[in-house]
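User: Please walk me through this model. I want to know what stands behind each label.

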Amino acid sequence: MKWNCIASKGLIPLRIHVEKDYESLSELAASVVAYDIVQNPNIVLGMATGGTPIGMYKVWVNQVREGNLSFREATTFNLDEYLGLDATHPKSFRFFMQENLFKHIDININRTFFPIDDMNQPFFEYDSLIQQESGIDVQILGIGRNGHIGFNEPGEDFNRLTHVVELTESTRQANARFFSNSEEVPTHAITMGLASIMNAKKVVLLASGVDKSLAIYNSISGEVSPKYPASILQQHPNCTVILDEDAASLLPK
Ligand code: F6R
């Protein structure tokens, strides 16, 4: 595997890998994280929803079916969850993870956590629970067109842990594709904060498609600024960015 290292303005080199298309991005991302799972079966993974990681999850499902990968000992913490939807709601992130990954693999469902409690209320002790589990070993992230990670929108304080957010109109519009109409998209969510994400020992950021190219350009080759929440990752000591050519199209060659 060859990595193109660039020194970002945050002074810590991000490992950036550009793959031809979404399929090869998904395969590479799956094997980068699978390597860590094999090395450490008790791994604690930070999971993301959205369209981007679906391809990677499919690769893992096949690897588990073929007997080449196991999540039996793994623990997962999802990045975020909508408020106002219960866990069985088809648009909840719990449901998403169940459908796209958990029900197809050998994970212990009692070891899969979301930042809501049994009553679907915000679970503010999420970061403490993560630390009790000795922290996230690998945090998987997608990125929004405005540079958001989790539900941390532009302007978000870099120092926040898990907290409730009111969703911006642009995020609600972007997520409307998963609902029958934009009115149905919840107005609030709970998300790990940027400090929670930075506490992960390793971060793997995925982005695919030309509509992510500006966010990627601003976040990884621009200044570290709350204007681009993902730009904080330039200061993470162990961050790997896996892009397809479209998402990387604005980066200097
Ligand atoms: C998902 C999440 C979001 C998405 C981002 C990109 O749990 O927290 O930040 O990663 O909105 O979404 P997609 O992958 O659908 O483009």
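**Labels and their cut-offs**

Analyst: N120 is found in the loop between strand 6 (112-113) and helix 4 (126-132). Helices (H or I, at least four residues) and strands (E, at least two) are DSSP runs, numbered from the N terminus. This is a predicted model, in which local features need pLDDT of at least 70 and side-chain atom pairs count only at pLDDT 80 or more, while totals for chains, interfaces and linings use all residues. Residues are numbered from 1 along each chain as its sequence is written, and side-chain values use heavy atoms, leaving out hydrogens and water.

User: Why is N120 called partly exposed?

Analyst: Its relative accessibility is 23%. Buried means under 20% relative accessible area, exposed means over 50%, and partly exposed lies in between (1.4 Å probe, protein chains only). At 23%, N120 therefore counts as partly exposed.

User: What is notable about the phi of N120?

Analyst: Phi is near 60°. That is a positive value in a residue other than glycine. Most residues other than glycine have a negative phi. S134 also has a positive phi, about 70°, and is not a glycine. S134 is found in the loop between helix 4 and strand 7 (138-141).

User: How do you know whether E125 is buried or exposed?

Analyst: Neither label fits: at 46% relative accessibility, E125 counts as partly exposed. E125 is in the loop between strand 6 and helix 4. Its C-alpha is 12 Å from that of S196, 71 residues away in sequence.

User: And what makes P154 partly exposed?

Analyst: P154 has 40% relative accessibility, so it counts as partly exposed. It is found in the loop between strand 7 and strand 8 (163-166). The C-alpha atoms of P154 and Y228 are separated by 5.6 Å, with their positions 74 residues apart along the chain.

User: Why is V204 called buried?

Analyst: Its relative accessible area is 0%, so V204 is buried. V204 lies in strand 10 (residues 202-207). V204 and Q139 are 65 residues apart in sequence, yet 6.1 Å apart C-alpha to C-alpha.

User: Where is L233, and why does it count as buried?

Analyst: L233 is in the loop between helix 7 (213-221) and strand 11 (239-244). It has 2% relative accessibility and therefore counts as buried. From N78 it is 155 residues away in sequence and 18 Å in space, C-alpha to C-alpha.

User: Now the ligand. Which residues come nearest?

Analyst: T52, D80, H148, R177 and K212, of the 15 residues around the ligand. A residue is near if one of its heavy atoms lies within 4 Å. By class, this shell has four nonpolar, eight polar and three charged residues. Ala, Val, Leu, Ile, Met, Phe, Trp, Tyr, Cys and Pro count as nonpolar, Asp, Glu, Lys and Arg as charged, and the others, Gly among them, as polar.

User: What puts D80 in polar contact with the ligand?

Analyst: An N or O atom in the D80 side chain is 2.4 Å from a ligand oxygen atom. A polar contact is a pair of N or O atoms within 3.5 Å. The D80 pair qualifies. For H148, the separation from a ligand oxygen atom is 2.7 Å, again from a side-chain N or O atom. A polar side-chain atom of T52 lies 2.4 Å from a ligand oxygen atom.

User: How much of the ligand does the protein bury?

Analyst: Taken alone, the ligand exposes 410 Å², and the protein buries 90% of that. Such areas come from the Shrake-Rupley method with a 1.4 Å probe.

How values were computed. Polar contact = N/O pair within 3.5 Å; in protein donor to acceptor, adjacent residues only side chain to side chain.
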